[in-house]
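Me: Can we go through this one together? I'd like to take a few residues in turn and see where each of them sits.

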Amino acid sequence: VKRKPPIDKTEWDSYFDENGHLSKSRDFICLNILERGLHPSIRTEAWKFLTGFYSWRSSKDERLMVDNTRKKNYEALCEMYEKIQPLLENLHRNFMETRNNISYDIQRLYDKDPLGNVIIDKKRLEKILLLSYVCNTDAEYQQGFHEMVMLFQLMVENDHETFWLFQFFLQKTEHSCVINIGVGKNLEMLNNLISFLDPTFAEHLKEKGAGAVQSLFPWFCLFFQRAFKSFDDVWRLWEVLLTGKPCRNFQVLVAYSMLQMVKEQILLESMNGEDIVMACNNLIDLDADELISSACLVYAELMQKD
């Protein structure tokens, strides 16, 4: 079913009263984002609400204060980092290795659009990633974070916005993005979901090696970003996942829907574990709206069975 046009600036502005308080409920807005998506012109502001950068109950003046505070806090963190950098280089065994990994990953990023225009600032990107690594003891740097932060840098103008949106995003998606916190739980939920909805397929996967599903951890720790044909598709899925609609852990239903795309091939060719992983990795250039619709149908099926 063709979805309605995304929420544009005119409609978004109508959600606020004269003081800048939201006059629509959080549920109303989140359901509309699920069903329709966001126009690029209002994505930045909407994401600040979705990630927790802004409170849903804040006024316009309060949000201006929040922006100012976040900027000052970011500048203070930068100053702190400059002071302790020599100490980190001498005493922190993993710091130099992580810094080299970040630098290597960023240099490999293609920083131009199809017309050849530079679209990202690699030095600013590296600074934000290093600061995030130093400040975030739970979420150690992992390959793919540089692509995530690049997407935030493309969305907003200022470094402090890029930094804080990324931090809040990691917190919101901690059960998905951070390997040592929650990816294992996601894979376990995915296994349970397959067993519940498609026991025949689950048995095949088990016979061919349970590690096949376990090897899909990049889907969760990188939030499927490499499966889509455009940045807009990545943003579209991410903003739905941030809404918490239609349910918590919707990313597991997304992964189930992707696995169903290669199910026929897996069964027909009686694939083993490595071949299954390769087939899954070949899922690229996906359309976010189609994938979200498929995952919503899985949710509806779960509700019927429940």
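**Residue by residue**

Reply: Leaving aside residues up to four places away in sequence, T98 touches Y133 and Y141. Please keep in mind throughout that this is a predicted model.

Me: Ok, and where is the place of T98?

Reply: T98 belongs to helix α5, which runs over residues 93–108.

Me: Is T98 buried or exposed?

Reply: T98 counts as buried, because its relative accessibility is 10% and the cut-off for buried is under 20%.

Me: Switching to R43, which helix does that lie in?

Reply: R43 is part of helix α3, made up of residues 40–51, and with a relative accessible area of 6% R43 is buried.

Me: What does R43 touch, not counting residues up to four places away in sequence?

Reply: With those sequence neighbours set aside, R43 touches L38, M155, D232, W235, R236 and E239. For L38 there is a further detail, since the side chain of R43 reaches the backbone oxygen of L38 at 3.2 Å.

Me: And how are the C-alpha atoms of R43 and D8 separated?

Reply: Those two C-alpha atoms are 9.1 Å from each other, while R43 and D8 are 35 residues apart along the chain.

Me: New topic, D233. Which side chain of opposite charge is nearest to it?

Reply: That is K229, at 5.1 Å, and D233 is buried yet has no salt bridge. The distance explains this, because a salt bridge needs the charged atoms within 4 Å. D233 itself is found in helix α14, residues 231–243.

Me: So what does the side chain of D233 make a polar contact with?

Reply: One polar contact goes to the side chain of S230, at 2.6 Å, and the side chain of D233 also reaches the backbone nitrogen of A288 at 2.9 Å. A288 appears again among the residues that D233 touches, which are F228, L286, D287 and A288 when residues up to four places away in sequence are not counted.

Me: What about the loop between α14 and α15, where is P246 in all this?

Reply: P246 is in that loop, between α14 and α15, the latter covering 250–261. The peptide bond that joins K245 and P246 is cis, with omega about 0°. N249 lies in the loop between α14 and α15 as well, and although N249 is not a glycine, its phi is positive, at about 60°.

Me: How is N249 placed, with what relative accessible area?

Reply: N249 has a relative accessible area of 27%, so it is partly exposed.

Me: Which loop does D285 lie in?

Reply: D285 lies in the loop between α17 and α18, where α18 covers 288–305. D285 is not a glycine either, yet it has a positive phi of about 55°, and at 52% relative accessibility D285 counts as exposed.

Me: Last one, which residues are buried in helix α17?

Reply: In α17, which spans residues 273–281, the buried ones are G273, I276, V277, A279 and C280. They are on the same side of α17, because they cover an arc of only 160° around the axis.

Me: Why would residues three or four places apart point the same way?

Reply: An α-helix has 3.6 residues a turn, so residues with that spacing point the same way.

Me: And what does the face of α17 turned away from its buried side carry?

Reply: That face carries E274 and M278, which are exposed residues.

Definitions and conventions
Residues numbered from 1 in each chain as written. Predicted model: local features only at pLDDT ≥ 70, side-chain atom pairs only at ≥ 80, totals over all residues. Heavy atoms only, no water. Helix = DSSP H or I, 4+ residues; strand = E, 2+ residues; numbered from the N terminus. Buried < 20%, exposed > 50% of the residue type's maximum accessible area, 1.4 Å probe, protein only. Lys, Arg positive; Asp, Glu negative; His and termini not counted. Polar contact = N/O pair within 3.5 Å; in protein donor to acceptor, adjacent residues only side chain to side chain. Contact = heavy atoms within 4.5 Å. Arc of directions from axis to C-beta.
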